[in-house]
Amino acid sequence: MKHIFALLLCTIFAAKAQQTIRFSNPNEVLNFATQHSIALKSGNAQMALAKYQTYYAKINRFNPRANVGYAMTDNLQLPVNFLPAEVFGGPAGTFREARFGQQYIQNLSITPQVDLINHAAWAKLESFKTSESLSEINQKLIRKTLSESVVAVYFNVVSLQEQIKILNQTLQNADSVTQIVQQKYSQGIIRSQDVNNATVNKLMIQDRIQQLQNGIEQQYNLLKSLCDIPTSTDILLENQYSTSTENMSILTNFLKSQQSELQVKYAQNELKVNQLSYYPTLSFIGNWALQENSNNHFFDGKARWISQSYIGLRLNFAIPDANKYAQTKLAKTNLQMVELNAQKQEIQQSFEQKQLQLEWEKALASEQISAKILGLKNDTYQKNFNLFKQDIYPTENLLLSFNDVLNATLSQQVAKVQTAFQKEKININNTNQ
């Protein structure tokens, strides 16, 4: 029974380990990646942190704070004071020792302080607000980049799967051609080299199928990495995405320029914080204290708590040092760098939008041309095949024509998938704004 129970447990764990995730269209993959991507989860945490920083910066404008102190002192030996002895009836010119004070002393003090004027703290609030907006833009860019990568892998798998289907169908045709060649060889019509060439052609197709299957496995591993899927989980992609060639309107995506603008604004705020930190700070201060004195013991119920308090204003001015000047210089340099980067991003964004349009137009034109080429290649092959069956067309030329049709079919299929990929890429560009 123990062995049976252990076997059942192993079976259950193996079943869990071999979990299979199925995808049928790009949206399913994108939704899964959005929910499970560690990069996006980290971005969400960064956004939450930025919001908390802004919230605490609002409070820190006034920097309310207070020190609470409590002390218990046992004066084991009170200080000795020398008093004129004549006060106590003694001879003039002599002194008498006397001890003054309380042995047990308790002190409780509260010292609140609130900044009334703190230029650097107000500037820091603006810096954190900018950082919060910047974290949101960064998260959108992470999502956009992840979506493009995931969709690219998805259509790579689709393309490889479709090519394998075509090669499997072509393999059957190659087998038929090989049989015809062998029959003609048996009849003494053609040479043995033709049989060898037909067989080699068939083997090359089988090799291409194997290579494509390996390629699919590599793409699945890449998809697992992008979506943070455990390696023990299997992925099965059963494409049901329908391709279409309708015109797509490409919206200008301003995420990168917005990111650059916020980076410049953040650097400006940080420089302002450094510069305003040279200004003095005006604070409201106060103090409230209680003291209990006793010669009996601590917490003497007969003793009286003596209170004292005060309020006032305090002006603080920190004399700048070398480190302060270095921080300001660093802030100025950072501002210059992000300004230059903003100019570069503006130019790059314009090129990316144009490139997206060109790739879409190229994919459409390539699909149309590849369809025409396939039609012509297929017509040529059918005519050559008929001539070959009539023994008036050489085997070598037939195999060349056969491979031309195969390559044209694969190219046409790749072009169709590329069009679908470019369409989905435009959708990502338009929706991630």
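**Exercise 1.** How many aromatic pairs does a search of the whole structure find?

*Solution.* In this predicted model, the search of the whole structure gives 9 aromatic pairs. One aromatic pair is formed by Tyr 104 and Phe 298, whose centres are 5.1 Å apart with 70° between the planes, an edge-to-face arrangement. As for position, Tyr 104 belongs to strand E5 (residues 104-117), while Phe 298 falls in the loop between strand E7 (281-294) and strand E8 (305-316), and the pair thereby links distant parts of the chain, 194 residues apart.

**Exercise 2.** Decide whether Tyr 104 is buried or exposed, and then classify Phe 298.

*Solution.* Buried means under 20% relative accessible area. Tyr 104 has a value of 16% and is therefore buried, whereas Phe 298, at 23% relative accessibility, counts as partly exposed.

**Exercise 3.** Work out the geometry of the pair formed by Tyr 381 and Phe 402, and then place the two residues in the fold.

*Solution.* The ring centres of Tyr 381 and Phe 402 lie 5.8 Å apart and the planes meet at 65°, so the pair is edge-to-face. Because Tyr 381 lies in helix H7 (residues 322-389) and Phe 402 in helix H8 (residues 395-431), the pair ties together parts that are 21 residues apart in sequence. Tyr 381 is buried at a relative accessible area of 9%, and Phe 402 is buried at 6%.

**Exercise 4.** Which ring does Arg 61 lie over, and which ring lies beneath the charged end of Lys 184?

*Solution.* Arg 61 lies over the face of Trp 122, 4.7 Å from the ring centre. For Lys 184, the charged end sits over the ring of Phe 388, at 5.3 Å from its centre.

Terms used. Residues are numbered from 1 along each chain as its sequence is written. This is a predicted model: local features need pLDDT of at least 70, side-chain atom pairs count only at pLDDT 80 or more; totals for chains, interfaces and linings use all residues. Side-chain values use heavy atoms; hydrogens and water are left out. Rings of Phe, Tyr and Trp (its six-membered ring) pair if their centres lie within 6.5 Å; planes under 30 degrees apart count as stacked, over 60 as edge-to-face and the rest as tilted. Helices (H or I, at least four residues) and strands (E, at least two) are DSSP runs, numbered from the N terminus. Buried means under 20% relative accessible area, exposed over 50%, partly exposed in between (1.4 Å probe, protein chains only). A charge sits over a ring if NZ of Lys or CZ of Arg is within 6 Å of the ring centre and within 35 degrees of the ring normal.
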